Amino acid sequence: MPSYQDILDRAKRGEPISDEEALSFAEYQDTKALANVATTLRDRGFHNVVTYSRKVFIPLTHLCRDVCHYCTFAQVPRKLKAPYMTVDEVLDVARQGAEMGCKEALFTLGEKPELRYKAAREALREMGFESTLDYLCHVAEVVHQETGLLPHLNPGTMTPAEMDRMRKCSPSMGIMLESASERLCGKGMPHYGSPDKVPAVRLQTLADAGRAKIPFTTGILIGIGETRRERIESLLAIRSIQQEYGHIQEIIIQNFRAKPETKMAHAPEPDLDELLWTVAMARIVFGAEMSVQAPPNLSPGVLPQIVDAGINDWGGVSPLTPDFVNPEAPWPHLDDLIRETDAAGKDLHERLTIYPKYAQDLDRWVDPGLHKALLDLCDADGFPRIDDWAPGDPIDPPREVLDAIKRRPSRTSSNLQVILDKALTSESLSEAEIVRLFQARGHDFSAVVQAADRLRKSVNGDTVSFVVNRNINYTNICYFKCQFCAFSKGKLSENLRGRPYDLSHDEIQRRTEEAWARGGTEVCMQGGIHPEYTGETYIAILEAVKAAVPEMHIHAFSPLEVWQGAATLDVDLKTYLKRVKAAGLGTLPGTAAEILDDEIRQVICADKINTAQWLEVMEAAHGVGFRTTATIMYGHVERPVHWARHLIRVRDLQKRTGGFTEFVPLPFVHMEAPMYLKGQARKGPTFREAILMHSVARLALNPHLTNIQSSWVKMGHKGVVASLNAGCNDLGGTLMNESISRAAGTLHGQETSPQEMAKMIESANRTPRQRNTLYGDATQERIDAGRAASELTDIINTPAHKYERKRKGPLMRPGLIETAGIS
């Protein structure tokens, strides 16, 4: 057997310890040494964050067939007003909780009381239910439907069939193992006479939950007569099941509290060292990735010490209801919990009843009927959205995030600081390092944002640029089926905003001339992929613009349009790019990128160009002398790892070509997007995520791409001002007509005038600079024309006429290589 120190050293490196090695620590007394290893592991898995769930506690019934000797929750019928809470009583509590910001409805109840009490059987019969579990499932569904709270069910032991029913109404469940010791079920011991506390029965429930793919909580109760060795044996029994199924989302270490009028009223409670020793052992047994929890109300006054033993979670905390299992122990006030967690050097953050890891993989872990509710509640990491901000929604950014952008961090996680130092010295960051930046919360968030802003200042100074331009979307007819797009009009899509149109050259020229008269230096032109368009169509549009205003810079055609244009003329990309360049194209927008990872593109735009094809178009464009932008459209179905891959692919191409002028984060606007309306996407990024996208882009793309732009259409005016303190140096275009985001639901308007641009920039204590597309200075004549601009005239969207397909050959769907040629 290796020495204790050898085992601890291996554990600290993240190597799992064997059952035999774990059991050898039953006689080990150095709690401090255990805690040192445990906190290292915890920080590796959870960084600077300690979580809690804001909940209401709903004791559906106090009746129970078990008679645990330490329990005051279980009561006999004569002591209760009614055997069960009514639906109305439950809803009253749940509604109050929802109004107070709770997201979890924790249902706790005695086990199968109808098997012991006639009163329970009669009450269930009168309500029309066969069992307590049937009633529980009904009430949980009603609570979720009426209040939006997520039910977490603790009904005790269940059969596989019962679990299947419960899974449909709850994203997570739990059962405390308490102890794997058969000895505690003997006569005179705390579990004597409690058939549901037989360890084999509870472990079977845990294993069945794993087979059913239900995120489950469990844990042990310490101080009820078990030995330290038995505690470790209990933890190892749980670990064995977890290694097989992977469904256990947290380990609770709950310390026994003696209660009056129980058989254990005078039993000694475990001291603080017992609790800390057990918490640390649990962390070492389960490693860095498992959540380890200790209820804060059971150990008032010593919470920082508990954090220092290796926990990363406080469990459920209610602003409304007491802990009915431990009624003598009130929940700490949230402000106190924040303060005590901060005293331990950690940031408190809310979580859902289903832990982030499981919320990020709903198809595997959660019934489909609950997916939309969870997507509405979650950010990209699986944590809850804690404010109402969404891209395109004209509400103010959350004050908490605005304050964090400016707050000087008093601490930064050591592994994060190493990454920031690399970025600031122009070293390339790895995928894992970029993901870590995106995970920043609390003080770590402030550190990332401020590092990005320092880098912005050193590279770009205090000048913020913008361009006076006009968007011209020449058609909204499109045969592609992008699931995020509410702009394009194809079959069955006239229920979305607007009617199908296909602009005449006269209208394109009129808009171009008006843009020039109003100080514009650029027209930005994109549209749907009309089935009758060919590469010649795009060339004709360019010629029309240049005929109207030869001086106008044309920034047009996404890589998808370029690919389609070349394919319809049966020429290679470089040949076609040279033709559009000769026809007057100045630069290309880097749209159609969405997320440059085919795992995500298969979900959101399966028939569109894939990642390699997008990069191929951009590299070809750079090769023939074009400059282009690069974008990311984020906040829907992807995760931070996909953001990291996207940034790396843009960075690597920029290293080769230097052809990108700027990087433009475009947060997903969800309101009218088809995949959101189908319940298949999140509500766009949170404001924290939107700010981080700009900051991390600044750090990850340094020093290769030095302009980071913020979109006022999606972020709103206050949002872009905040982003100027987070690494941004450009606000993009005034736009004059914005159609695509408005179709998706944004309410931030169609135009921001040069005067408004300057006002936003100056409010951030920066100097405005009107630029052209290629980042040169706009001429004074153009600046004066923009300041004197008259109101826009109403646009005319030339109605699209019904047509029969005239163009021969298949429609080009480059993303569907295996079905090329199928229209």
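In which sense do strand S14 and strand S15 pair, and over how many bridges? In this predicted model, strand S14 (residues 585-588) and strand S15 (residues 627-634) are joined by two bridges in the parallel sense. The close-up views below begin with the sheet that holds this pair.

**View 1. The six-stranded open sheet runs in the order S11-S12-S13-S14-S15-S16.** The pairing in this sheet is parallel. Its edges are formed by strand S11 (469-473) and strand S16 (660-667), each of which pairs on one side only. On average, and with direction ignored, neighbouring strands of the sheet are turned by 30 degrees against each other. Helix H26 (residues 640-657) packs on the sheet and touches S15 and S16. The direction of H26 makes about 165 degrees with that of S16. Where S14 meets S15, threonine 587 stands opposite arginine 627 of S15.

**View 2. Helix H26 and helix H28 (residues 687-701) cross at roughly 35 degrees.** The axes of the two helices come within 10 Å, and the crossing is right-handed. H26 contributes Trp643, Leu647, Val650 and Arg651 to the contact. From H28 come Glu689, Met693, Val696, Ala697, Ala700 and Leu701. Sorted by class, the contact of H26 with H28 comprises eight nonpolar residues, two charged residues and no polar ones.

**View 3. Three strands form an open sheet in the order S17-S10-S18.** The strands of this sheet pair in parallel. Strand S17 (730-733) and strand S18 (767-771) each have a single partner strand, so one side of each is left without a neighbour in the sheet. Neighbouring strands are turned by 20 degrees against each other on average, direction ignored. Strand S10 (residues 463-467) and S18 pair in the parallel sense over five bridges. Threonine 463 has threonine 767 of S18 as its bridge partner.

**View 4. Helix H22 (residues 559-568) is mostly covered.** Nine of the ten residues of H22 are buried. These are Pro559, Leu560, Glu561, Val562, Trp563, Gln564, Gly565, Ala566 and Thr568. The elements against which the buried residues of H22 pack include two strands, strand S12 (522-526) and S14. The helices that they pack against are helix H21 (535-548), helix H23 (573-582) and helix H25 (611-623). Aspartate 570, which follows H22, has a positive phi, near 55 degrees.

**View 5. Cysteine 185 and cysteine 478 are shown with the closest cysteine sulfur to each.** The count of disulfides in the model comes to zero. Why does the sulfur of cysteine 185 form no bond with the closest cysteine sulfur? That closest sulfur belongs to cysteine 68 and lies 9.0 Å from the sulfur of cysteine 185, which is too far for a bond. The sulfur of cysteine 478 is likewise too far for a bond, because the closest cysteine sulfur, in cysteine 482, is 6.3 Å away. A disulfide, by the cut-off applied here, needs sulfur atoms within 2.5 Å. Cysteine 185 counts as buried because its relative accessibility is 18%. Cysteine 478, at 12% relative accessibility, also counts as buried.

Conventions. Residues are numbered from 1 along each chain as its sequence is written. This is a predicted model: local features need pLDDT of at least 70, side-chain atom pairs count only at pLDDT 80 or more; totals for chains, interfaces and linings use all residues. Side-chain values use heavy atoms; hydrogens and water are left out. Two strands pair if DSSP finds at least two bridges between them. Helices (H or I, at least four residues) and strands (E, at least two) are DSSP runs, numbered from the N terminus. Axes are lines fitted to C-alpha atoms, for helices over the stretch in contact, and angles run from 0 to 180 degrees between N-to-C directions. Contact means heavy atoms within 4.5 Å. Buried means under 20% relative accessible area, exposed over 50%, partly exposed in between (1.4 Å probe, protein chains only). A crossing is left-handed if the near helix is turned anticlockwise from the far one by less than a right angle, and right-handed if clockwise. Ala, Val, Leu, Ile, Met, Phe, Trp, Tyr, Cys and Pro count as nonpolar, Asp, Glu, Lys and Arg as charged, and the others, Gly among them, as polar.
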